[in-house]
Amino acid sequence: STYSTSGVYTDVLTAVNGCDSTVTTDLTVGAAISGSQTLSLCSGESVTVGTSTYSTSGVYTDVLTAVNGCDSTVTTDLTVGAAISGSQTLSICSGESVTVGTNTYTVSGVYTDVLTAVNGCDSTVTTDLTVHAVIDVSTTVSGITITANAAPASYQWVDCTNGFLPVSGEINQSYVANVNGNYAVIVTQNGCADTSICVSITMNGLGEWSQNHQLLVYPNPATGVVMIQADGIMNQVEVMNSMGEVVMRETAGEKQLQLDLGNLSPGIYYLLVSTDNERTVRKIVKK
């Protein structure tokens, strides 16, 4: 007789002496044991089931020995999250900062931060940070000319007494004031901007440089000779470059004057015309 289920069984056998031999069998068959588990790990971690260790995603089956001595089958559905990393290149202005996780950076450098991703695993962020130097917003004053010392840069001159409104067209390194006032320059470098202190220009006793005086200058832009016509006798005509340097000076004594700019380099210049009772400035472009 063969038995595979629990029970008490009686079997009559033949003993060696030829007589009946009765055997009673009390049989217990343990139930099959099996189980499953679903696990999630981060990259670099592992899980051990019995004598097996797993570190990659997959479905694994292990046969162990239960406390009753029978086989115990364990199925493991394992997900291993991929390593998460990223990088960023940032540029900020002096005085600004950037925060990554719980760290705040204010100086140039390459920084590595380990954060926690949405899946609970580590996320590594590398930050290549450039902090641009402080902008030089100092200026130099020569007469009625204010020059920004920072170079190279972009410039915008503003009127401090008029709500810091931009002075139209004044985007050169130097600014020639034509009326008394307070002026500053916004200097832009590497995408960062800062403003200089205001400079006061006063021309008492010399007469203010006027833009409204009747003065014709043509052609403008010019390539060579320009004609200057005033409604009064011109005593002196000066040509000033954008750095505030006088590069030409002529004595007129008449209401009109021909001025040859042929030897000047291309750029922006200022004609400073003096009459008996007024001083007039005009911007002229030399091609």
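Okay, one term before we start: when I say buried, I mean under 20% relative accessible area. By that cut-off tyrosine 54 is buried, because its relative accessible area is 12%. And please keep in mind that what we have here is a predicted model.

Let me stay with tyrosine 54 for a moment. What does it pair with? Its partner is tyrosine 60, and the two rings are stacked, with 3.9 Å centre to centre and 20° between the planes. Tyrosine 60 is buried as well, at 19% relative accessibility. In total the count comes to five aromatic pairs. We'll run into some more aromatics shortly.

Now, over to the sheet I'd like you to look at. It's an open one with three strands, in the order S13-S14-S17, and the pairing is antiparallel. Which strands stand at the edges? Those are S13, residues 139–142, and S17, residues 174–176. Each of them has a single partner strand, so one side of each is left without a neighbour in the sheet. From one strand to the next, the twist averages 15°.

Zoom in on S14, which covers residues 145–148, and its pairing with S17: antiparallel, over three bridges. Here isoleucine 146 stands opposite tyrosine 175 in S17. Remember those two residues, please.

They come back in the largest nonpolar core. That core has 22 residues, and the ones that touch the most other members are Ile146, Tyr175, Tyr183 and Ile201. Which elements give two or more residues to it? S14, S15, S17 and S18 do, together with strand S20 (199–201) and strand S25 (267–275). The largest share comes from S18, with three residues.

If you click on tyrosine 175 and list its contacts, leaving out residues up to four places away in sequence, you get Ile144, Thr145, Ile146, Trp157, Val167, Glu170 and Tyr183. Tyr175 also belongs to an aromatic cluster, along with Trp157 and Tyr183. There's a second core too, separate from this one: it has 18 residues, Met234, Leu257, Leu261 and Ile284 among them.

Glu170 was on that contact list, and that takes me to charges. How many salt bridges are there? The count comes to two. In one of them, glutamate 170 meets lysine 283, at 3.5 Å from N to O. Lysine 283 sits in strand S26, residues 279–286, while glutamate 170 is in the loop between S16 and S17, so this pair ties together parts that are 113 residues apart in sequence. Is glutamate 170 buried or exposed? At 8% relative accessibility, it counts as buried. Lysine 283, on the other hand, is partly exposed, at 29%.

The other bridge is between glutamate 238 and arginine 249, where the closest N and O atoms are 2.8 Å apart. Glutamate 238 is in strand S23 and arginine 249 in strand S24, residues 246–260, with their positions eleven residues apart in the chain numbering. Glutamate 238 is also buried, with a relative accessible area of 11%.

Last topic: the backbone. Where are the cis peptide bonds? One joins alanine 151 and proline 152, with omega at about -5°. Proline 152 lies in the loop between S14, our sheet strand, and strand S15 (154–159). Another cis bond joins tyrosine 218 and proline 219, and there omega is about -10°. That proline, 219, lies in the loop between strand S22 (215–218) and strand S23 (225–241), and S23 is where we just found glutamate 238.

Then there are a couple of positive phi values to look at. Phenylalanine 164 has phi at about 60° although it is not a glycine. You'll find phenylalanine 164 in the loop between S15 and strand S16 (165–166), and with a relative accessible area of 44% it is partly exposed. Asparagine 190 is not a glycine either, and its phi is about 55°. This asparagine is in the loop between strand S18 (181–189) and strand S19 (192–195). Asparagine 190 counts as exposed, at 58% relative accessibility.

So, if you open the model afterwards, I'd begin with isoleucine 146 opposite tyrosine 175, and then follow Glu170 from the tyrosine 175 contacts to its salt bridge with lysine 283. That's it from me.

How values were computed:
Residues numbered from 1 in each chain as written. Predicted model: local features only at pLDDT ≥ 70, side-chain atom pairs only at ≥ 80, totals over all residues. Heavy atoms only, no water. Pairing = 2+ DSSP bridges. Helix = DSSP H or I, 4+ residues; strand = E, 2+ residues; numbered from the N terminus. Axes fitted to C-alpha atoms, helices over the stretch in contact; angles between N-to-C directions. Buried < 20%, exposed > 50% of the residue type's maximum accessible area, 1.4 Å probe, protein only. Core = buried A, V, L, I, M, F, W, Y, C linked by side-chain atoms within 4.5 Å. Contact = heavy atoms within 4.5 Å. Salt bridge = Lys/Arg side-chain N within 4 Å of Asp/Glu carboxyl O. Phe/Tyr/Trp six-rings, centres within 6.5 Å; stacked < 30°, edge-to-face > 60°.
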